[in-house]
Amino acid sequence: MAVAGLYRRVLPSPPAIEFSSPEGKQLFTEALAGGTAEGFFKLISYYQTQSEPAYCGLATLAMVLNALAIDPGRTWKGPWRWFDDSMLDCCEPLEKIKSQGITFGKVACLAVCNGAQVEPFRTDQSSIEDFRERVVSCTSSEDCHLIVSYNRAVFKQTGSGHFSPIGGYHAGKDMVLILDVARFKYPPHWVPLSLLWDAMNTIDKATGHCRGFMVMSKLQKATSVLYTMSCKHENWNVVAKYLTEDLPLLLTSKNLKDVNDVLCVVFRSAPSSLRDFIKWIAEVRRQDDGSTILSEEEKGRVALKEEVLKQIRETELFKNVTGYLGFERSLCESEAPLGYTDSLADIAANVCCQGAGLLTGKIRLLNGCGKDIKLLNSVCKEPVTVVSGTVTTDGTEQMVDMLIPSSETKPSCLCDFDQNSCSGIPPSIGDGLTVLIFALPQDTWLGLKEEKLQAEMKGLTSADCLPTLLQEEVLHLQRQLYFLKADLNISPSSS
């Protein structure tokens with residue numbers, strides 16, 4: 001009787017040497033003695049097989065994030081916080097990745113979203129000598145890991161583009177150990193470093209860009225990211241192109257007299273999906289034990305987010321942005337500018353459904369999502385605003401809490417909700433647009449014809465004098481925008 005499907009592939013050797021073979025074991029023993037397999041044990045402790053044929057980038061990233069002991073800040077299953085490839089969807093919908101794979105730039109963006117320090121290098125931006133140096137540095141340490149994006153065909157393997165981490169280096173043979181995350185297909189194996197460089201130094205036909213490698217390490221600060229750039233909507237590339245390419249050209253064609261004029265051009269000319277591009281991140285937790293007490297970790301994370309929010313609202317740029325939005329709202333009372341709503345009830349509905357998706361790991365729409373807004377009276381100094389939701393999935397109900405950062409700010413035109421219902425103002429359109437403008441390259445404003453206005457915009461949007469936490473938040477968004485710009489006008493490549 002015929003059996004459908006495939007059971008593994010024979011590893012083409014040469015050029016590869018299987019890790020578990022006698023020669024592979026000897027290479028590992030010698031690499032370990034030479035000090036260039038130090039990162040292996042952390043990686044192998046979290047080695048996982050990609051859960052979908054096109055999830056190699058996600059599985060590689062989840063493995064490295066876990067090896068770096070980065071806390072995802074959200075649950076995987078039960079009470080456990082853990083990275084799994086099914087959770088990495090903040091930059092691209094999982095259904096799209098499942099069918100098309102993910103690009104080099106999106107993997108780097110995902111890594112930044114999830115608390116990693118990333119240094120990406122395409123082969124046309126590096127050299128084989130630099131690559132070898134980075135390999136030696138990473139394999140000699142437990143504090144950083146190296147991910148490679150390469151074409152399997154160079155190794156005589158089936159398939160094309162693929163991602164996997166490097167687990168070791170043999171200096172004498174100049175060979176690297178690839179911990180292949182497609183373990184259903186090929187086992188871990190050693191390959192010549194020069195041949196791996198050739199496999200990376202290929203053009204991804206779907207993108208038109210060279211492949212490459214990235215060095216990942218853990219950010220030496222608490223994970224307190226409040227905002228992120230989302231590519232989950234179809235027109236993310238239109239927004240990214242507008243912000244990085246179209247807007248600077250647009251500003252050169254206008255005779256603008258003041259900051260309000262500039263903001264008018266920035267926001268009125270923007271694609272309608274701008275509102276979906278900048279998102280704030282809520283912390284989600286299950287109501288497993290009905291506890292109303294926040295842990296020290298939860299309090300610390302919320303406090304950092306609230307400090308970032310407070311710092312945003314103390315900037316001159318925020319005052320200008322909210323002033324402009326107040327003017328826009330006065331012209332059209334029936335509709336918030338750019339389609340935003342700032343009421344806590346609307347925020348609750350959106351955050352609840354986002355949080356439900358994170359908790360259940362579902363990539364389809366949930367059957368139901370209820371919501372309730374309350375203050376969590378805990379041992380905290382101040383009460384914390386919490387959105388409580390009842391998530392119904394496949395007939396099973398789960399109560400969840402979303403911790404909402406807020407800042408004690410005087411009410412403005414952006415405050416649509418009852419101030420008695422919460423401890424402060426949660427993230428609003430004004431906050432999001434302010435950090436988005438901070439994240440734009442400084443040369444965005446070079447086309448302004450009035451030198452005085454150009455200098456004023458540069459001063460308002462410079463991150464140099466911002467408080468440290470807000471500087472880090474802006475830098476986080478700048479990195480994301482940089483990685484996304486590299487993927488403009490291209491289609492994701494298959495793994």
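This is a short tour of a predicted model, stop by stop, with what to select and what you'll find there.

**Stop 1: a greasy spot on the surface**

Select L32, F41 and I44 and switch on a surface. Together these three make a nonpolar patch of about 220 Å². Now pick out L32 on its own: it belongs to helix α1, residues 22-33. Its relative accessibility is 31%, so L32 counts as partly exposed.

**Stop 2: from helix α2 to the β5 side**

Next, show the side chains of K42 and E142. They form a salt bridge, with 3.6 Å from N to O. The partners come from distant parts of the chain: K42 is in helix α2 (residues 40-45), while E142 is in the loop between α6 (128-139) and β5, and 100 residues separate them. How covered are they? K42 is partly exposed at 31% relative accessible area, and E142 is partly exposed too, at 37%.

**Stop 3: strand β5 and C144**

Move on to C144, in strand β5. Is C144 buried or exposed? Its relative accessibility is 11%, and since anything under 20% is called buried, C144 counts as buried. Show everything around it: beyond its neighbours within four places in sequence, C144 touches L68, S137, C138, V215, M216 and S217. Add K218 and draw a distance between C-alpha atoms. C144 and K218 are 74 residues apart along the chain, yet their C-alpha atoms are separated by 7.5 Å.

**Stop 4: β6 and its two partners**

Colour strand β6, residues 161-170. This strand is mostly covered, with 10 of its 10 residues buried. On one pairing, β6 runs antiparallel to β5 (residues 144-151), and five bridges join the two. To see a matched pair, select V148 and S164; S164 is the β6 residue that V148 stands opposite.

Now bring in β7, residues 175-178, which pairs with β6 in the antiparallel sense over four bridges. Here the residues to click are G168 and L177, since L177 in β7 is the bridge partner of G168. Follow the backbone from β6 into β7 and you trace a hairpin with four residues between the strands. Stop at D174 in that turn: its phi is positive, about 55 degrees. While you have side chains on, keep in mind that in a regular strand they alternate between the two faces of the sheet.

**Stop 5: a buried salt bridge**

Stay in this region and select R152 and D180. They make a salt bridge whose closest N and O atoms are 3.0 Å apart. R152 sits in the loop between β5 and β6, and D180 in the loop between β7 and β8 (189-192), so to speak a link between distant parts of the chain, 28 residues apart. Both residues are buried.

**Stop 6: across the chain to K257**

For a different setting, jump to K257 and E450. Their side chains meet in a salt bridge at 3.7 Å, N to O. K257 is in the loop between α8 (236-252) and α9 (259-268), and E450 is in the loop between α14 (429-438) and α15 (451-461), so the bridge ties together parts 193 residues apart in sequence. K257 counts as exposed, at 57% relative accessibility, whereas E450 is partly exposed at 36%.

**Last stop: a charged network**

Finish by selecting E119, D130 and R134, which are linked in a network of salt bridges. If you want to keep hunting, a search of the whole structure finds 13 salt bridges.

How values were computed. Residues are numbered from 1 along each chain as its sequence is written. This is a predicted model: local features need pLDDT of at least 70, side-chain atom pairs count only at pLDDT 80 or more; totals for chains, interfaces and linings use all residues. Side-chain values use heavy atoms; hydrogens and water are left out. Patches are made of residues with over 30% relative accessible area and no salt bridge: like charges are joined within 9 Å, nonpolar side chains (Val, Leu, Ile, Met, Phe, Trp, Tyr) within 5 Å. Accessible areas come from the Shrake-Rupley method with a 1.4 Å probe; for residues, only the protein chains shown count as cover. A salt bridge is a side-chain nitrogen of Lys or Arg within 4 Å of a carboxyl oxygen of Asp or Glu. Buried means under 20% relative accessible area, exposed over 50%, partly exposed in between (1.4 Å probe, protein chains only). Two strands pair if DSSP finds at least two bridges between them. Contact means heavy atoms within 4.5 Å.
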